[in-house]
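Visitor: Could you take me on a close look at the open space in this model and the parts around it? I'd like one connected walk rather than a list.

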Amino acid sequence: MYLTKTVAKILILFLCNLFYSIPITAQKQFKALLITETAGWHHESIQNGVAAINELAASHNFEVHRQQNAIKITEEGLKDMDVVIFLSTTADIFDNDEQVAFEKYIQSGKGYVGIHAASDTEYNWEWYTKLVGRMFHIHPVQQTAKLNIIEHNFPGLEHFPDTLLWTDEWYEFGEEKVTDLHYLVTVDETTFDPKVTWKNRDPDTNGNMVDRVGTGMGKFHPISWYHEFDGGRSFYTALGHIEKVYENQWFLDHLYGGIYYAATGKGIEKK
């Protein structure tokens, strides 16, 4: 009888040790694909952004996969992703097959996040310009200016003050490509100098190089927005040029809020 109890205790102890030795992995909230490919200007802050997004994933229990330049976007590769993040991508990064795959991905109800130079990407792909909402035109030198938070009813912006002093590369945008953009953040042009000229930047109709000029956007200068598009969700922020901003908690909250919305569709009240 004593031997039986001893054996039973040993067996129980063995089973307990076996149970606690099995790693238990928490189910992730969602999966994100991070794209950092550039075919034009390459921002030095991209690596800071990669590190920050990985930290956000660890803090908020979601999964990140980084897309390397040599790996093509495919329907199969996208099917398990909930959101695709374009981190300061530039110029033409997708071929025709990749564009079709990405369009089908968004049409299936998934999400897109564009950070900073994502609006300086794929100008000749009309569908993408509508997905982003507005495209980059020009920017002046980096300056400190006043941000206006105009919509607090969005994930990550709930606790922001109405105004915030910020230093960045203030993008001037072209006209709206869609009519349903919900604006979140603007910058006050009276607090910085938006005027800039880029010499011999663009070809005219005769092929001669002409200057690109920026004069600002006036009283309403948007910086961040979101909208639903072609069955999916889109969030864009022009912030994110400076490397150290990816250690700024205000920016990280703003960024995660956009990722969370685009991945899940949650966090905002339907009006």
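Guide: Let's settle one term before we set off: two strands count as paired if DSSP finds at least two bridges between them. By that rule strand 10 and strand 11 (residues 209-214) are a pair, antiparallel and joined over five bridges. Keep in mind that this is a predicted model, and everything below is computed from it.

Stay with that pair for a moment. One of the bridge contacts links Val196 to Gly214, its partner in strand 11. The two strands make a hairpin, with five residues between them. In the turn sits Gly207, whose phi is positive, at about 85°.

Why start with strand 10? Strand 10, residues 196-203, gives the most to the lining of the largest pocket, namely three residues. So, on to the pocket itself. Its volume comes to about 410 Å³, and 19 residues line it. Those that lie nearest its centre are Trp41, His43, Asp120, His139 and Glu169. Sort the lining by class and you get seven charged, six polar and six nonpolar residues.

Now for a stretch of backbone with a couple of things to look at, the loop between strand 4 (111-115) and helix 5 (126-132). His116 lies in that loop, and its phi is near 50°, a positive value in a residue that isn't glycine. Glu122 has its place in the loop between strand 4 and helix 5 too. Its phi is near 55°, again positive and again in a residue other than glycine. Are these two side by side with solvent or tucked away, buried or exposed? His116 has a relative accessible area of 0%, so it counts as buried. Glu122 comes out at 2%, and since buried means under 20%, Glu122 is buried as well.

Last stop, the enclosed space. Searching the whole structure for cavities of 30 Å³ or more turns up one. The largest cavity holds about 40 Å³ of space. Around it you'll find Leu147, Ile149, Phe160, Trp166, Val185, Leu239 and His254. By class that lining has six nonpolar residues, one polar and no charged ones. Set that beside the pocket, where the lining has seven charged residues, and you have both spaces in view.

Methods:
Residues are numbered from 1 along each chain as its sequence is written. This is a predicted model: local features need pLDDT of at least 70, side-chain atom pairs count only at pLDDT 80 or more; totals for chains, interfaces and linings use all residues. Side-chain values use heavy atoms; hydrogens and water are left out. Helices (H or I, at least four residues) and strands (E, at least two) are DSSP runs, numbered from the N terminus. Buried means under 20% relative accessible area, exposed over 50%, partly exposed in between (1.4 Å probe, protein chains only). On a 1 Å grid over the protein atoms alone, a cavity is a set of points where a 1.4 Å probe fits but cannot get out, and a pocket is an open set with protein on both sides within 12 Å along at least five of seven lines; lining residues have an atom within 4 Å of a point. Grid points are joined across faces, edges and corners, and a volume is the space filled by probe spheres set on the points. Ala, Val, Leu, Ile, Met, Phe, Trp, Tyr, Cys and Pro count as nonpolar, Asp, Glu, Lys and Arg as charged, and the others, Gly among them, as polar.
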